[in-house]
Amino acid sequence: MLKITADVRGRMMQKPKRPKVQWFVWLGFCLAVGSLLLISPNASAQPTPPNTAKPAATPQGFVPPKLLQFVQAPYPKEALKARKTGAVLLQLIVDATGKVVKATVVESAGAEFDQAALSAVQRFAFQPATFKGKPVPVRIAYRYRFTLQTIAASRPATRPKPVSLPTTQAALPPPRRAIESRTLDSAGASMVRGFLRERGTRRPIEGAPVYLLGRKRYQAITDPEGAFAIPNVQPGRYRFVAPVPNFEKLRQTVTVARKKTLDLQVYLRSTSEELFQSVTRAKRQRLEIHQQSLQEEEIRIAPGTQGDPLKVIQNLPGVARTPLNAGAFIVRGSAPGDTRTYLDGHQIPQLYHFGGLTAVVNGDMAQRLDFIPGGFSVAYGRGMGGVIHLQTRPGKDRFHGYVDLDIIDVGLFLEGPLWKGATFVASFRRSHLDLFLNLILPQNRAFDLTVAPRYYDYQFKIDWNVDRHNRLTLMYFGSGDKLSFLRSEPVGRSDIRGDFLFYTAFHRLNFSWAFRLGNTFEHDLAVQIGTTSTDTKGGDQFAFGLFEPILSIRDEMRWTPFKQLMIRAGLDMRLRYEEQRFDAPPSTPRVGDGNTGGTNILRDLKENLINTWIPEPALYLEAAWMPIPSLRIVPGIRVDFFGRTKEFTFDPRFNVAWDPIKMLTLKASVGLFSQPASGLNSSEMFGNPDIRAEKAMHYVLGAEVRWTEFFATEVNGYYKDLSGLVVSSSDVVVRNGQEVPERVTNKGQGRAYGVEFLIRHKPHGKFFGWISYTLGRSERLNRTTQEWELFNFDQTHILTLLGAYKIGWGLTLSARFRLVSGNPYTPYTGGIYNADSFGYLPIRGKTNSARAELFHQLDLRLDYEYAFPTWKMIFYLDVQNVYYQLNQEGRINNYDYTKQAPLTGIPILPSIGIKAQF
């Protein structure tokens, strides 16, 4: 019978000396010296000669890393047939959390052995090295040896599946089917077998030692399925012990009967549930200089967001709040419609469900959320505000799911494996406000709610790692919202009445192919097809309908000819077919136009039909050049064609980042950004067919200081020069030989400038949180007076304090406090009676010369998690505006505009939910 082992020995590798930089000299010193020697008895119970290598001198206070979890490497089939052995010498970089972040081959034993060893060591877990009690990263040498040994068998036996093991641990048990068929070898002896899994999640615990302690000592190590088997156990009472790192230590008494098999199902409670999981990724070239990325736990339990990934963005610097929490994004003084939101590389048409209650994507599908407030790369376009990119994660390789119920909606979530290398994720949510809202609202002759607010969303995703070079993804998702009511009495002084309807829905199918060829070439192709539908009706005098099939293609290639240079080229194409129907006045109010003064703006209605193809292709090219390791220069250019207005735009952009010392990054960017005109503004009936794209120049200068791996501060200053803005026009122009009203023009100008501060502690240990503050100003130029006036959404001061702390016993408490300047508004000094409209016209003061009261609010969230052996129960309470602050969101005027009263938002909004998760 064959026994296959891996002999593991290690010592510290010398690391090149780094220049002494302030107080970081100790880190360079402990990385440059030290030794690690791992010697233990051979797994075949044969004595192993001691390692004669002399360790290097170890600095005082330095403790080398210790292997906690070994992962077996499959013995190469061809080598096994040829009875070939080998030893691979590897260099491992182990970070301060004990994770192997990089592994390279120093001495090769052949491609088949090298690949098997690399695959295994990257999943090792170490107890981190420490220097003076603090975890530090180290670089070590690790020898993975594959050997074949012949062991005499007392009886014929089926050859077990070959495995490779370190000499420091006992042999892994054979596969489960072999355990079930094995007979007892010794007279009166028995077998103890079972599974070791995490309590609540059923996740197998691999590489864990288990012991039977009694008259004799028995030991085994769990396999990748968490299975263990201890044969030839003498009858009696034993203590079953499983001392697994990061799990509560298990000690229980078991009785082994004569010639019997004892089956155990053991569930260990993870002590890491009391800590936030740190995410460490290998360093790679980053093209987005001004990017904030949020991890999964920061998204899931941020207070005041109900776990909504897009709402978490509202807590980052540079993002202003919208009145009544409407869900739009006002980034660095831009208009709400100027920021683009992407899902897995494609722009999505709708961010939130009705009223901004929740996002159209389940937050539990989020892998990472990237927020770029300005100066973004040429890979993004058609917007001049910011970029929000939500990347969904693949499903897990085990079945997992939950049912989630709160006062707003109910949700189902399921994920798991499909076939080898393939997983799936599925989610569905539906609101249930409409199920009881009609029952509690009073009957009103003037107001009949025929369809209460309701929404749904769904996502289904398949990820398939075909091989180490290719990965395929298929995702189908969508969303729908509807609200309808009947108004039998006129609205205000107008004669609007009848059916009021708001309906919007979209459905998308995404396909993507990712190809990787070593570290030099990457290719990502993503194709999306789908439809968008909108139906809006305002009584019997206003209607808007849209049906829009869409095709979106993103094809990007990244080539790294050498370490200092990466070239990225891509195609970003959208093709839409618009079927639109307008029933509206030709001159509808726009942002900044002011109040209509009580006149009936819907008196003269026009109908317009649009059925047209709108191509929007774009090409971009970018290079990331590192002339020296600490300097990264990223120039690029993007070329867009906007089919609606039939124009080309050329947007050059330039980003640079410099690390003068390891802990400090200085960054700067300048770039041009173009945004196409909307369908309403470019319509011949309602706008101006000669309208062109809006432009913005972004200037950003910033610095980031990383005090530790988890704690950093950042400051950014920005200036945005807005030109070609679409504004209303009262001019008359000649078009097609006729004098017609211009209605809108590109003569608007604006500017936004400010400085942002961020102090952030990433999820680590029991805490995460940040403090963000923005001091900014956003202005628009008055074409009549040529004076700069405050933008409608200008907010001078934006302060956010957010934090979460794991108390223990399954409890997590999180809080958010916001202090924000009120939005500016134009005051009224009275009114003049208009006999034609039977109403008053307001007498306006200076535009946006007054400001609403200061906004402040405290939100709290409490999560409680209890783990049963095979599932979890999670309770949460999320309360917005805990101390019942009546914040002003707008103004209400009396009939003649002589008195005003504040319009306040929701005083307090509790959300209670329960989630059953398996």
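This report describes the overall make-up of a predicted model, then a strand hairpin and a surface patch.

## The chain as a whole

The protein chain has 918 residues, and 51% of them count as buried. Its secondary structure comes to seven helices and 54 strands.

Contacts reach far along the sequence. Take those between residues at least 6 apart: 65% join residues at least 24 apart. The accessible surface of the chain comes to about 42,800 Å². Carbon and sulfur atoms account for 59% of that surface.

## A hairpin of two strands

Strand 5 covers residues 86-94, and strand 6 covers residues 100-107. The two run antiparallel and are joined by six bridges. One pairing involves Q91, whose bridge partner in strand 6 is T104.

Together, strands 5 and 6 form a hairpin, with five residues between them. The turn includes G98, which has a positive phi of about 90°.

## A nonpolar patch on the surface

Nine names make up a nonpolar patch on the surface: V403, L405, V410, L412, F428, Y864, Y866, F875 and I914. Together they have about 720 Å² of accessible area.

Three strands each supply at least two residues of this patch. They are strand 25 (400-406), strand 26 (409-417) and strand 50 (855-867).

Y864 is a patch member and is found in strand 50. Is Y864 buried, partly exposed or exposed? Its relative accessibility is 30%, so Y864 counts as partly exposed. That class lies between buried, under 20%, and exposed, over 50%.

Notes
Residues numbered from 1 in each chain as written. Predicted model: local features only at pLDDT ≥ 70, side-chain atom pairs only at ≥ 80, totals over all residues. Heavy atoms only, no water. Pairing = 2+ DSSP bridges. Helix = DSSP H or I, 4+ residues; strand = E, 2+ residues; numbered from the N terminus. Patch = residues over 30% accessible without salt bridge, like charges linked within 9 Å, V, L, I, M, F, W, Y side chains within 5 Å. Areas by Shrake-Rupley, 256 points an atom, 1.4 Å probe, with all protein chains shown as cover. Salt bridge = Lys/Arg side-chain N within 4 Å of Asp/Glu carboxyl O. Buried < 20%, exposed > 50% of the residue type's maximum accessible area, 1.4 Å probe, protein only. Contact = heavy atoms within 4.5 Å.
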